[in-house]
Amino acid sequence: MSDEPIRAGLAAAEAATALPEEVYSTRDAMDILVDNRQDPEDANHPEEVWGGLQLVPGQIMEVIGGSGLGKSRMMLNLAVNQVLGRPFAGLPTLQRPLTWLFYGNENSFYRFRYDLRKMVSVLTTQEREKLRGRIWLPTMETAGDAFVSFTDERNREKLKATMRQRKPDVLVLDPWGSFIDGDELSDGDVRRTITEIIDILAANDSETPTVAIVLNHSRNGLSEIVKAAGPERANYGKNSKAIFSVVRCVWNLRPAELAEPPNKIELIHAKSSDRAPYSPRAVSLNKDTFHYQEDTTFNHAVWQAALEKAYRSGSALTVDQRGEARQRTFEEDCKKMLNYIDAQEMPISKTKDLDKWAKENLNGNSEYCQTIYQQLVRKGNVVSVGERRPG
């Protein structure tokens with residue numbers, strides 16, 4: 001008996017049950033024009049969580065700041081304000097209350113309870129009840145709660161199950177370093193983790209995927225704080241260039257005062273994919289209520305200038321950092337003086353011309369000028385005033 005009929009039947013069955021080939025989502029440009037789905041600009045659209053940032057469902061916003069700055073507390077206060085329909089940092093929140101899920105292993109039940117007791121102390125009974133069922137926090141009550149790294153697929157599946165249970169509109173991942181699947185300094189690992197987060201956001205079983213806010217630690221040091229608002233703002237977080245390139249929106253947080261720990265924090269809108277970035281702004285922490293209020297007197301330009309001056313002088317650094325800053329400045333000033341001497345066509349007077357030049361260009365006095373000049377002589381860069389040793 002021939003087995004051809006059996007083979008043909010098996011082939012037909014396999015063809016009927018085969019999965020369709022996976023492809024990327026594409027749409028005809030003209031079909032997009034006639035699609036009547038709701039626009040993100042609609043005031044009631046769920047992705048405009050805060051400030052009309054137009055966070056697309058399934059996409060990510062990154063918040064970067066130093067350890068101990070209060071990122072977790074600030075995001076909790078943002079969640080409270082959003083549910084109550086209050087503005088945060090001078091920017092409006094969506095008036096329809098959303099459901100928030102915080103997920104991480106850095107803060108305990110007791111830390112959250114301490115913060116919440118202060119935050120709700122100034123709320124009415126009606127406002128407290130409005131929060132019920134809207135903000136879900138990781139309480140670290142079992143040993144398994146500490147394991148959140150996406151390197152283990154079981155952790156990703158556990159978070160997806162939690163998403164299906166709580167059905168959040170906003171997922172806060174705190175901190176980024178606890179979740180990274182691999183090495184946080186590897187662009188490939190960072191991008192793979194971002195893809196995994198986007199996959200997790202779709203586990204909400206909702207028509208609209210969840211929006212994510214990822215909290216990331218910034219680089220340390222005064223120089224990094226200075227750069228948080230400048231051309232290098234994309235490099236404020238650890239390997240943040242890779243994250244910066246794929247997330248929808250980035251806020252850099254840094255101290256807005258010299259107190260330690262700072263109660264005033266500056267928010268710098270470092271990236272916005274859908275609108276012009278907001279101007280820098282500052283919030284002050286009320287120590288009694290743990291609510292953040294916008295500081296309308298804050299002047300970003302003045303604070304940036306103060307930080308840059310502190311960095312140049314080393315006045316706001318540790319003892320070791322101040323020494324490093326002074327040495328760096330001294331070496332730079334040596335180069336400046338050498339270039340100045342080399343540029344003179346005629347010999348110059350060290351006691352007159354160099355002193356005058358140093359005071360105008362190095363912010364130094366005669367003694368400082370003499371020290372730099374002697375350093376150049378010792379290194380053999382200068383034989384006499386106006387003469388540089390060949391080579």
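A residue is taken as buried when its relative accessible area is under 20%, and as exposed when that area is over 50%. The structure described here is a predicted model.

By this criterion, Trp303, Gln304, Leu307 and Ala310 of helix H10 are buried. Viewed along the axis of H10, the buried residues fall within an arc of 125°, so they line one face of the helix. The face turned away from this buried side carries exposed residues, namely Ala301, Val302, Lys309 and Arg312. The cover over the buried residues of H10 includes helix H8 (222-227) and two strands, E6 (249-255) and E7 (264-272). H10 comprises 14 residues, 300-313. At 1.5 Å a residue, H10 should span 20 Å, and its end C-alpha atoms are indeed 20 Å apart. At the start of H10, Asn299 places a side-chain oxygen within 3.1 Å of the backbone nitrogen of Ala301.

The sheet is open and built from nine strands. Their order is E3-E2-E4-E5-E1-E6-E7-E8-E9, with mixed pairing. Strand E3 (135-136) and E9 stand at the edges, each with a single partner strand, so one side of each has no neighbour in the sheet. At the E3 edge, E2 and E3 run parallel and are joined by two bridges. Trp100 has Ile135 in E3 as its bridge partner.

Towards the other edge, the pairing is antiparallel. E7 and E8 pair in this sense over four bridges. Here Glu266 stands opposite Ala282 in E8. Strand E8 (residues 281-285) is mostly covered, with four of its five residues buried. E8 also pairs with strand E9 (residues 292-294), again in the antiparallel sense, over three bridges. Leu285 has Tyr292 in E9 as its bridge partner. In the hairpin of E8 and E9, six residues lie between the strands.

Two helices that lie across the sheet are H3 and H7. H3 lies across strand E1 (60-65), E2, E3, strand E5 (211-217), E6, E7, E8 and E9. H3 runs at about 170° to E2. H7 lies across E1, E4 and E5, at about 145° to E5. Ser72 is found in H3, which covers residues 71-84. Ser72 has a relative accessibility of 10%, so this residue counts as buried. Leaving aside residues up to four places away in sequence, Ser72 touches Asn107, Arg111, Asp174 and Leu215.

Asp174 also takes part in an unusual backbone feature. Most residues other than glycine have a negative phi, and most peptide bonds are trans. The peptide bond joining Asp174 and Pro175 is cis, with omega about -5°. Pro175 is found in the loop between strand E4 (170-173) and helix H7 (187-201).

Positive phi values occur at Ala89 and Phe290. Ala89 is not a glycine, yet has a positive phi of about 55°. Ala89 is found in the loop between H3 and strand E2 (100-103). With a relative accessible area of 3%, Ala89 is buried. Phe290, likewise a residue other than glycine, has a positive phi near 55°. Phe290 lies in the loop between E8 and E9. Its relative accessibility is 6%, so Phe290 counts as buried.

Methods:
Residues are numbered from 1 along each chain as its sequence is written. This is a predicted model: local features need pLDDT of at least 70, side-chain atom pairs count only at pLDDT 80 or more; totals for chains, interfaces and linings use all residues. Side-chain values use heavy atoms; hydrogens and water are left out. The expected span of a helix is 1.5 Å times one less than its number of residues. Buried means under 20% relative accessible area, exposed over 50%, partly exposed in between (1.4 Å probe, protein chains only). The arc is that of the directions from the helix axis to the C-beta atoms. Contact means heavy atoms within 4.5 Å. A polar contact is a pair of N or O atoms within 3.5 Å; within protein, one must be able to donate a hydrogen and the other to accept it, and residues adjacent in sequence count only if both atoms are side-chain atoms. Two strands pair if DSSP finds at least two bridges between them. Axes are lines fitted to C-alpha atoms, for helices over the stretch in contact, and angles run from 0 to 180 degrees between N-to-C directions.
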